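Work through these exercises with the model open beside you. Try each task before you read its solution.

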Amino acid sequence: METEILEQQPLEDVQSAVSDNDEQVLLTEKDTEIDALKKELDESSKRLFNISVTLSEAETKLALLLAGVAKEKLAEAVSLTSILCKSGKTPDEAAAEIIAAYPHLKAVQREIPQFSAGSSGTSDGFSAVRRIFSAK
């Protein structure tokens, strides 16, 4: 009887050692999969954050341009507006507030001078062109 117990005991030890090794291998594989998924999730969240920042900046620029900010002053206005947007205002509200507080950022409409050419004579430069199109 003792020999049977001794013979069975090493076999059970070997079986438990093998099952422990298998469990450790499975756990290691699962840990590796979990680490890979965590890394992928981290990269995706970073990408999503970058996209969100880019979209927010584009919305801010659009609101500023629609509010009348000069293109040359857009970078300065974006930095001022982003501070207001971080405090909870929408880009449109922040743009309106920035334009009101900093009028030098607003685009100045320039009047384009109008020139007219006199067409009184035959040597004004346009007479030859008029003759070409009028002589059909």
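**Exercise 1. The two faces of a helix**

Task: Find the exposed residues on the face of H2 turned away from its buried side.

Solution.
Step 1. Look at the face of H2 that points away from the buried side: Ala75, Ile83 and Lys86 are exposed there. Exposed means over 50% relative accessible area, buried means under 20%, and partly exposed lies in between (1.4 Å probe, protein chains only).
Step 2. Know your source. This is a predicted model, where local features need pLDDT of at least 70, side-chain atom pairs count only at pLDDT 80 or more, and totals for chains, interfaces and linings use all residues. Residues are numbered from 1 along each chain as its sequence is written, and side-chain values use heavy atoms, leaving out hydrogens and water.
Step 3. Now list the buried residues of H2: Leu74, Ala77, Val78, Thr81, Leu84 and Cys85.
Step 4. Look down the axis of H2. The buried residues fall within an arc of 125 degrees, so they line one face of the helix. The arc is taken from the directions that run from the helix axis to the C-beta atoms.

**Exercise 2. The span of H2**

Task: Compare the reach of H2 with the span expected at 1.5 Å a residue.

Solution.
Step 1. Count the residues. H2 covers residues 74–86, which gives 13 residues.
Step 2. Apply the rule: the expected span is 1.5 Å times one less than the number of residues. For H2 the expected value is 18 Å.
Step 3. Compare. From first C-alpha to last, H2 reaches 18 Å, close to that expected value.
Step 4. Check what comes next. Gly88 follows H2, and its phi is positive, near 115 degrees.

**Exercise 3. The whole chain**

Task: State how many helices and strands the protein has, and in what order its elements run.

Solution.
Step 1. Count the elements: four helices and zero strands. Both are DSSP runs numbered from the N terminus (helices: H or I, at least four residues; strands: E, at least two).
Step 2. Read the order from the N terminus: α-α-α-α.
Step 3. Add the burial. The protein has 136 residues, and 13% of them count as buried.

**Exercise 4. The sides of H3**

Task: Sort residues of H3 into buried and exposed.

Solution.
Step 1. H3 spans residues 91–101, and its buried residues are Ala94, Ala95, Ile98 and Ile99.
Step 2. These cover an arc of only 135 degrees around the axis, which puts them on the same side of H3.
Step 3. Turn to the other side of H3. Asp92 and Ala100 are exposed there.

**Exercise 5. Salt bridges**

Task: Find the three salt bridges of the structure.

Solution.
Step 1. Recall the idea. Side chains of opposite charge can pair when their charged atoms come close. The cut-off: a side-chain nitrogen of Lys or Arg within 4 Å of a carboxyl oxygen of Asp or Glu.
Step 2. Take Lys46 and Asp42, whose side chains form a salt bridge at 3.6 Å, N to O. They are four residues apart in helix H1, so about one helical turn separates them. Lys46 is exposed at 52% relative accessible area, while Asp42 is partly exposed at 39%.
Step 3. Take Glu57 and Lys61, which meet at 3.4 Å, N to O. Both lie in H1, four residues apart, about one turn of the helix. Glu57 is partly exposed at 37%, and Lys61 is partly exposed at 33%.
Step 4. Take Glu97 and Lys89, which meet at 2.5 Å, N to O. Glu97 is partly exposed at 35%, and Lys89 is partly exposed at 32%.

**Exercise 6. From H1 to other parts**

Task: Describe the surroundings of Thr60 and Lys61.

Solution.
Step 1. Thr60 lies in H1, residues 2–67. With a relative accessible area of 3%, Thr60 is buried.
Step 2. The side chain of Thr60 reaches the backbone oxygen of Ser56 at 2.8 Å.
Step 3. Lys61 and Val78 are 17 residues apart along the chain, and their C-alpha atoms are separated by 6.5 Å.

**Exercise 7. A surface patch**

Task: Name the residues that make the nonpolar surface patch of about 340 Å².

Solution.
Step 1. The patch is made by Val129, Ile132 and Phe133. Patch residues have over 30% relative accessible area and no salt bridge; like charges are joined within 9 Å, and nonpolar side chains (Val, Leu, Ile, Met, Phe, Trp, Tyr) within 5 Å. Areas come from the Shrake-Rupley method with a 1.4 Å probe; for residues, only the protein chains shown count as cover.
Step 2. Place Val129: it lies in H4, residues 127–134. Val129 is partly exposed, at 40% relative accessible area.

Note on methods: Polar contact = N/O pair within 3.5 Å; in protein donor to acceptor, adjacent residues only side chain to side chain.
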